[in-house]
Structure formats: structure tokens, C-alpha cells
Protein chains: 2
Amino acid sequence: MLPQETVPTCDDDSLQLSSQLCFATYAAAHAFTRFYKPLLEPLGLTYSQYIVMLVLWETDNVTVKEIGQRLFLDSGTLTPLLKRLEASGVVQRKRDAQDERQVRISLTQKGRDLRAPVTAVWRDVVCGVGLTQDDFDALKNQLNQLRQTLDRAGRRDPR
Amino acid sequence: MLPQETVPTCDDDSLQLSSQLCFATYAAAHAFTRFYKPLLEPLGLTYSQYIVMLVLWETDNVTVKEIGQRLFLDSGTLTPLLKRLEASGVVQRKRDAQDERQVRISLTQKGRDLRAPVTAVWRDVVCGVGLTQDDFDALKNQLNQLRQTLDRAGRRDPR
DNA sequence: CAAAGATATATTGCGCGCAATTGATTTGCG
DNA sequence: CGCAAATCAATTGCGCGCAATATATCTTTG
């Protein structure tokens, strides 16, 4: 008998909640935001704002578009979010002088100062997930791979 | 040297987007809903409505609370969602005669008829994720485990 | 049986995600 | 150059998630 690629079964029973990889992903993602919420709240950040700040701590003075590409979010999500971050004083929004279509986002001192307490939060989360380094990385890589596959398969006619 | 549990590192570089398991989970979950959207749209369902229907196809005539427990959602999310499902004619909402606090959700014929086309959608998704049965199940189980760990760790003083 | 507490759903308010559209700016092409 | 197409951000509209609160109903307890 030849070794064969076993594709997940598609019989009738498979349409159960417990069989759904999508639901496991969905539920785990929401569990993460629930877990983060009380930790980020004292810092005045939501989970989505937190991942935007991660981008800025890595690369300051980026455009809205660049943030969107890294986070897979669009301007409809980012514009109001960034305005809230600006209102709370952690970032500054400014039209690019060279290309006035773009808006560049830069950290304020208050924004830079948030990095240390957020690092502490992140330590809590790492402990909270209760995984070894290897399992942590393996799971992360599988999910990144899955996202990429889904997004590529999702574009119609990907020639 | 003793074998030791390797906890994920917490040095300064770890606070990068690419190191974040939470972001990988978050992004994969949104990729799933993006992938599902054009497939479910012709059936008049959103992704969230889809997972509610999964519950109902497994167990008809359940209370809002039971749906919430299975999906980790509360009444603030479910009540308006179920009203929309009722408005589109796929479910019926009715106060329980024995306990008037409860609202029981049951499928209409139109709701039962949706099961077949949704099974077809699910086949598309299974192919879209491009995983073998084993990888699919393993990833699903790890995510379920992760969700459980996060939710348990999240409750303060879990005595 | 009445009051107190527990339970189930509904409502309100806020912050996302995202599709679709708009407006401003820049680029590309004849 | 001049105008059409492309690009970027903002806006609008809708459907979640979820905390906090409100309301109605049931249960428990004295």
C-alpha cells in the first residue's frame, strides 16, 4: 500500500464544532485578548493597540499602510485606532512632506515609555500560555503558515 | 546537565511582532473569517452566525446560555446575533414555558435546509487549509489546549 | 409565604475588522 | 505638459465581542 496524503475527512459528522480548526483558532484568539485585557488596561491599551505599538517599537515613523501590511489590517480599522492612540498621547500622526497622501506615525516620549511596562505584561502572558520554547515556536510557525495558506487560497484566481 | 523545561525566552528582542504567538493566533483567526466570508455570504451567514448554526445542527432547541457556553460568547453578543438569525428566518426564539428566564433557540425548516450547502462550504475550507488529517487534528488540539490554559489562568485566584 | 439572593436574557456603550466609497495626491503614459 | 490611472488615508455602515448594567424570573431561606 502506498503512503498517501491524508486529507481531513469530510463526512457528515465532521461538521461538528469540535471538528472545526477554524473555531479552535477563533476561540484561542479571543482567549488571548481576554487574557491580555486586564493586563493592558492599566496601561491604557487595548489588545489591537498593543500590536500596533509592537510595530512602532520595532520601527518608528512608519506609514499607516506599512502598519496595515504587517498586521493584515486596513485603514478602516487603523485610522480610528491611531486617532485614539494619538488622543491618549502615545503617538503622533503627521502627513509625509514628500508624499502628502501618506500619514506617518511616530512614537511620543510617552509612547516610548510604555515599552518597559508592556514587556512585563508580555512576561506574564508567556507564563500564562504554559508552553515550552519549542512548542511555543512550533505552534506559532504552524499558525503563520496557516494564515499564509488561507490568505493565498482566498484570493480568487491566484494565477 | 539536567534536562530542563525551557520556557520561552523573555529578553528584550522577544517583544517583536514575529515572536508573538498571540499575534499568530489573532492573524490566523481573521484569515479564517476572511476566507469563509465569500463562501458564507451567498448563504446569508456571517462567520459568527455559522458557528452558532453548527451548535444548532448538533443540538436543536438549546438555550442562549448553552450556546454561549459552547462558543465562549455572552448574551451581549448572542442576543442581537440570534435576532438577526431569526429575522433572516433560519431560527426561532421562544421563551421556555417551564423557566421563563430562558430563551430556547430552534431551527426552522429553512435553517435545517442550510446544513447541506454549508457542508459543501466546509469541504472548500478543509481543502483551503492544506493540512493532512494528522496535522489538522494536532493543531486543533493544541489550540483548544491553549484556549483552556489561557481561560483558566485568566480567572484571578482560581482556588 | 415574603424577602433576599441567584440566574437568564436584554440593553447600552465602546472598540474593533472589513467592505465599499470618497477625496486628495502622485505616477504613468501619450 | 496633460490627463487617466494608481495610490493612500479617511469615512460610512454593519456585525461582532465584551464589560457593565438592567430587568424579569426562579430559588432559597427564614
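**A friendly note on the DNA contacts, ring pairs and symmetry**

1. A backbone N or O atom of Glu100(B) lies 3.0 Å from a phosphate oxygen of DNA strand D, a polar contact (a pair of N or O atoms within 3.5 Å; within protein, one must be able to donate a hydrogen and the other to accept it, and residues adjacent in sequence count only if both atoms are side-chain atoms). The surface near strand D draws two or more residues from each of α1 (21–40), α3 (64–71), α4 (75–87) and β2 (91–95) in chain A, and from α2 (47–58) and α4 (75–87) in chain B. Here helices (H or I, at least four residues) and strands (E, at least two) are DSSP runs, numbered from the N terminus.

2. Before going on, please note that this is a predicted model, in which local features need pLDDT of at least 70 and side-chain atom pairs count only at pLDDT 80 or more, while totals for chains, interfaces and linings use all residues. Residues are numbered from 1 along each chain as its sequence is written, chains are lettered from A and ligands numbered from 1 in the order in which they are written, and side-chain values use heavy atoms, with hydrogens and water left out.

3. Two further phosphate contacts of strand D involve chain B. The side chain of Thr46(B) places an N or O atom 2.7 Å from a phosphate oxygen, and for a backbone N or O atom of Phe72(B) the distance is 3.4 Å.

4. Which residues come nearest to strand D? Of the 30 around it, they are Tyr26(A), Lys65(A), Lys83(A), Arg93(A) and Thr46(B); a residue is near if one of its heavy atoms lies within 4 Å. Sugar or phosphate accounts for 77% of the strand D atoms within 4 Å of the protein, and bases for the rest.

5. Now for the aromatic rings. Tyr36(B) and Tyr50(B) are both buried, meaning under 20% relative accessible area (exposed is over 50%, partly exposed in between; 1.4 Å probe, protein chains only). Ring pairs join Phe23(A), Tyr26(A), Phe32(B), Tyr36(B), Tyr47(B), Tyr50(B) and Phe72(B) into a cluster. Rings of Phe, Tyr and Trp (its six-membered ring) pair if their centres lie within 6.5 Å; planes under 30 degrees apart count as stacked, over 60 as edge-to-face and the rest as tilted.

6. Over all chains there are 14 aromatic pairs. One of them, Tyr47(A) with Tyr50(A), is tilted, at 5.8 Å centre to centre and 40° between the planes. Both residues sit in helix α2 of chain A, three residues apart, about one turn of the helix.
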